[in-house]
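Biologist: Before we settle on any wording for this model, I would like to go through the terms one by one and ask what supports each of them.

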Amino acid sequence: MNKHIEKAFSNGKAFIAFVISGDPDLETTQEIVYALDKAGCSLVELGIPFSDPTAEGPVI
């Protein structure tokens, strides 16, 4: 496992945020990621927009 991911889970729990890349634009995505980091988010998952969201599987 990546050492940064191991560090994020070192206390047993981690807060992982999910952000759609480029929504509404790349500059805003960058600002959001930096804000999440500053707010204490452990990890940020960047999603890639896809034309058919149902192809990703059922909604949880």
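**Terms and their grounds**

Modeller: At 32% relative accessibility, S42 counts as partly exposed, and since this is a predicted model, the value is one computed from predicted coordinates.

Biologist: Why is S42 called partly exposed?

Modeller: Buried requires under 20% relative accessible area and exposed requires over 50%, with partly exposed in between; S42 has 32%, and therefore it is placed in the middle class. The residue sits in the loop that links helix 2 to strand 2, and, once neighbours within four places in sequence are left aside, its contacts are A8, A14 and F15. Its C-alpha atom is also 9.1 Å from that of K13, although 29 residues separate S42 and K13 along the chain.

Biologist: Why is T29 called buried?

Modeller: The limit for buried is under 20%, and T29 has a relative accessible area of 7%, so the term buried applies. T29 belongs to helix 2, and, not counting residues up to four places away in sequence, T29 touches V19, I20, S21, G22, D23 and L46. With L46, the C-alpha to C-alpha distance is 9.2 Å across 17 residues of sequence.

Biologist: What makes S51 and K7 exposed?

Modeller: Exposed means over 50%; S51 has a relative accessible area of 74%, so S51 is exposed, and K7 has 64%, so K7 is exposed as well. S51 is in the segment that follows strand 2, while K7 is in helix 1, residues 3-8. In space, the C-alpha atoms of S51 and P24 are 15 Å apart, with these positions 27 residues apart in sequence, and those of K7 and C41 are separated by 13 Å, at 34 residues apart along the chain.

Biologist: What makes strand 1 and strand 2 a pair, and in which sense do they run?

Modeller: Two strands pair if at least two bridges are found between them; strand 1 and strand 2, the latter covering residues 43-47, have five bridges, in the parallel sense, and one of the bridge partnerships joins I16 to L43 in strand 2. Strand 1 also has two faces, with A17 and V19 on the covered one and I16, F18 and I20 on the uncovered one.

Biologist: How do you know that the peptide bond between D23 and P24 is cis?

Modeller: Omega is about 0 degrees for the bond joining D23 and P24, and that bond is cis. Most peptide bonds, by contrast, are trans. P24 itself lies in the loop between strand 1 (16-20) and helix 2 (26-38).

Biologist: How is the chain as a whole put together, and how does its radius of gyration stand against that of a compact globule?

Modeller: The protein chain has two helices and two strands, which follow one another from the N terminus in the order α-β-α-β. For a compact globule of 60 residues, the radius of gyration would be near 10 Å, but the protein chain has 14 Å. Its C-alpha trace spans about 35 × 30 × 20 Å along the principal axes, and buried residues make up 10% of the 60 residues.

Biologist: How many of the side chains are positive and how many negative, and how far apart do the centres of the two sets lie?

Modeller: There are 4 positive and 9 negative side chains, and the centres of these two sets are 18 Å apart. As for the surface, the protein chain exposes about 5200 Å², with carbon and sulfur atoms supplying 59% of it.

Key: Residues are numbered from 1 along each chain as its sequence is written. This is a predicted model: local features need pLDDT of at least 70, side-chain atom pairs count only at pLDDT 80 or more; totals for chains, interfaces and linings use all residues. Side-chain values use heavy atoms; hydrogens and water are left out. Helices (H or I, at least four residues) and strands (E, at least two) are DSSP runs, numbered from the N terminus. The radius of gyration is taken over C-alpha atoms; the globule rule is 2.2 Å times the number of residues to the power 0.38. Buried means under 20% relative accessible area, exposed over 50%, partly exposed in between (1.4 Å probe, protein chains only). Accessible areas come from the Shrake-Rupley method with a 1.4 Å probe; for residues, only the protein chains shown count as cover. Lys and Arg count as positive and Asp and Glu as negative; His and the chain ends are not counted. The place of a charge is taken as NZ of Lys, CZ of Arg, CG of Asp or CD of Glu. Contact means heavy atoms within 4.5 Å.
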